[in-house]
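Let's take a walk through this protein together. Have a look at the sequence and the model first, and then we'll go from the overall picture down to the details.

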Amino acid sequence: MRLTATILLLALALVGCGGGGGKTKVNPTTSPSVSKGQASPAFNLTAVDGSTVSLKPNENPDGDVHLVLFWSYRWDPNVKTLLQRYSELHERYAPRGLRIIAVAYGEEPSGLRTFLAENKTPFPVAVGVDSTFTKFDLKALPTAVLVDKGGKIADRWEGHYSTEEMSEKLKSYLPGRDGNSGT
């Protein structure tokens, strides 16, 4: 009896912690699905340093491609690897017009500041608000939403991907040669 209860509690803990598939489920939203080809929602959020982080897909004079990463440092045991991979993407593709914006889900600004002091990112990190998560129809963490230079949602991915998997997904949206490969 005691062994059965222990196994049941362990199984429930794994399911509750997002143990399946490398992503954590969040509360479903009630907004209509935001899918490929639709105009991206805009937002103005506050960064941990108090500055404003904006996504204005209809105001994109430089023709940048935006990758919006929704994540959580408290809910994702692999968050340091996630941020390292996105930092590598930033280094590789920022010169070609990729702009990464990280939006922290359900985090207190003070805790997020402490986490980021030890885990610096080369891209802006904003504190998310419920209306932003609803607009983007967020269902799991991490979720990345790719907004093309025309302001449309080009793709979205839930879960963790290697740097090379993300590179394959991104390179067709970015002009010029492929990173350091010379192609």
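**Finding your way around**

Among contacts (heavy atoms within 4.5 Å) between residues at least 6 apart in sequence, 72% join residues at least 24 apart. Before going on, keep in mind that this is a predicted model, where local features need pLDDT of at least 70 and side-chain atom pairs count only at pLDDT 80 or more, while totals for chains, interfaces and linings use all residues. Residues are numbered from 1 along each chain as its sequence is written, and side-chain values use heavy atoms, with hydrogens and water left out.

So what is the chain built from? You'll find 5 helices and 9 strands; these are DSSP runs numbered from the N terminus, with helices being H or I of at least four residues and strands being E of at least two. Read from the N terminus, the order is α-β-β-β-β-α-β-α-β-α-β-β-β-α.

Now pick out the sheet. Its 7 strands form an open sheet in the order β3-β2-β6-β5-β4-β8-β9, and the pairing is mixed; two strands pair if DSSP finds at least two bridges between them. At the edges sit β3 (52-55) and β9, each pairing on one side only. From one strand to the next, the twist averages 30 degrees. Over at the β3 edge, 4 bridges join β3 to β2 (residues 43-47), and the two run antiparallel. There, T46 has T52 in β3 as its bridge partner.

Two helices lie across the sheet's strands. α2 crosses β4, β5 and β8, running at about 170 degrees to β4. α3 lies across β4, β5 and β6, at about 160 degrees to β6. Those angles run from 0 to 180 degrees between N-to-C directions, using axes fitted to C-alpha atoms, for helices over the stretch in contact.

What about the inside? Of the 183 residues, 44% count as buried, meaning under 20% relative accessible area with a 1.4 Å probe, protein chains only. The largest nonpolar core (buried Ala, Val, Leu, Ile, Met, Phe, Trp, Tyr and Cys residues joined through side-chain atoms within 4.5 Å) has 28 residues, and L67, W71, Y86, L98, L112 and L170 touch the most other members. Its largest share, 6 residues, comes from α2. Leaving aside neighbours within four places in sequence, L67 is in contact with residues including Y86, L98 and L170. A second, separate core of 19 residues includes V34, L45, A126 and I153.

Key: Buried means under 20% relative accessible area, exposed over 50%, partly exposed in between (1.4 Å probe, protein chains only).
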